[in-house]
Amino acid sequence: MANATLTMGVRNTMQTRLSKKRLVILTVLSIVLEGCSISDWYNGYYAEGAAIIKGQKDRNAFYDAESPQIKDLRSKNDAYCRGLASKKENAMPMKGYPNGVFNTPMYDGCMENRGTPTYETYVSNRAKKRDAERRARGEIVPY
């Protein structure tokens, strides 16, 4: 009888040690994963950085693909449109800026009307065209 009690005591002690080890490992693992969450890093820092780099590459590819004549025209249009949009009478009123701020919509419109749209205008026009094509096919596209 004493032998059986001793064996059960040893068995219970071994089970307790094993469960304590598992609990410690699980606790440490959860603290580590909670402290530096992979999903937060991937969805936040990494995704934002990757999107910025992709946008810069696309923008550079757009401007690098232009012919020398278009690049020359773009520099002339840029000087004219920038001067037009930065005039004091064309400045956009904004709270905290008594003299207003640079009129970006006027600049973008001027560049587009003169035949050298900015990359942002180009992307916007492509999206509008794509949405119009999807609506023509009968897909539901928000405005």
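**Exercise 1. Is the link of C81 and C110 left-handed or right-handed about the S-S bond?**

Keep in mind as you go that you're looking at a predicted model.

*Step 1.* Start with the sulfurs: those of C81 and C110 are joined in a disulfide, with S to S at 2.0 Å. The structure holds one disulfide, so there's no other to mix it up with.

*Step 2.* Now check the twist. The angle about the S-S bond is -70°, and that makes the link of C81 and C110 left-handed.

*Step 3.* See what gets tied together. C81 sits in helix α3 and C110 in helix α4, 29 residues apart, so the pair links distant parts of the chain.

*Step 4.* Finish with burial, where the cut-off is under 20% relative accessible area. C81 comes out at 0%, so C81 is buried. C110 comes out at 11%, so C110 is buried too.

**Exercise 2. Work out which side of helix α4 faces inward.**

*Step 1.* Find α4 at residues 104–113 and pick out its buried residues: Y107, C110 and M111.

*Step 2.* Look at where they point. These residues cover an arc of only 95° around the axis, which puts them on the same side of α4. Here's the rule behind this: an α-helix has 3.6 residues a turn, so residues three or four places apart point the same way.

*Step 3.* Turn to the other side of α4, where P105 and N113 are exposed.

*Step 4.* Ask what lies over the buried residues of α4. The cover includes α3, residues 68–85.

**Exercise 3. Which residues make up the largest nonpolar core?**

*Step 1.* List the five members: C81, A85, Y107, C110 and M111.

*Step 2.* Sort them by element. Both α3 and α4 give two or more residues to this core, and the largest share, three residues, comes from α4.

*Step 3.* Zoom in on one member, A85. Skipping residues up to four places away in sequence, A85 touches N90, F102, N103, M106 and Y107.

**Exercise 4. Describe how the two ends of α4 are finished off.**

*Step 1.* Begin at the N-terminal end, which N103 caps. N103 lies in the loop between β2 (97–101) and α4.

*Step 2.* Give the distance: a side-chain oxygen of N103 lies 3.2 Å from the backbone nitrogen of M106.

*Step 3.* Check the surroundings of N103. With a relative accessible area of 11%, N103 is buried. Leaving aside neighbours within four places in sequence, N103 is in contact with A85, N90 and M92.

*Step 4.* Move past the helix: α4 is followed by G115, whose phi is positive, near 95°.

**Exercise 5. Where does N77 lie, and which residues does N77 touch?**

*Step 1.* Place the residue: N77 is in helix α3.

*Step 2.* Check its burial. A relative accessible area of 2% means N77 is buried.

*Step 3.* Name the contacts. Not counting residues up to four places away in sequence, N77 touches R82, M111, R114 and T116.

**Exercise 6. Test whether the length of helix α5 agrees with its residue count.**

*Step 1.* Note that α5 has 18 residues, 119–136, and that at 1.5 Å a residue it should span 26 Å.

*Step 2.* Compare that with the model: the end C-alpha atoms of α5 are 26 Å apart, which agrees.

*Step 3.* Add some detail. Y119, T121 and D131 are buried in α5, and just after α5, G138 takes a positive phi of about 95°.

Conventions:
Residues are numbered from 1 along each chain as its sequence is written. This is a predicted model: local features need pLDDT of at least 70, side-chain atom pairs count only at pLDDT 80 or more; totals for chains, interfaces and linings use all residues. Side-chain values use heavy atoms; hydrogens and water are left out. Helices (H or I, at least four residues) and strands (E, at least two) are DSSP runs, numbered from the N terminus. The expected span of a helix is 1.5 Å times one less than its number of residues. Buried means under 20% relative accessible area, exposed over 50%, partly exposed in between (1.4 Å probe, protein chains only). The arc is that of the directions from the helix axis to the C-beta atoms. Contact means heavy atoms within 4.5 Å. A polar contact is a pair of N or O atoms within 3.5 Å; within protein, one must be able to donate a hydrogen and the other to accept it, and residues adjacent in sequence count only if both atoms are side-chain atoms. A disulfide is a pair of cysteine sulfur atoms within 2.5 Å. A nonpolar core is a set of buried Ala, Val, Leu, Ile, Met, Phe, Trp, Tyr and Cys residues joined through side-chain atoms within 4.5 Å.
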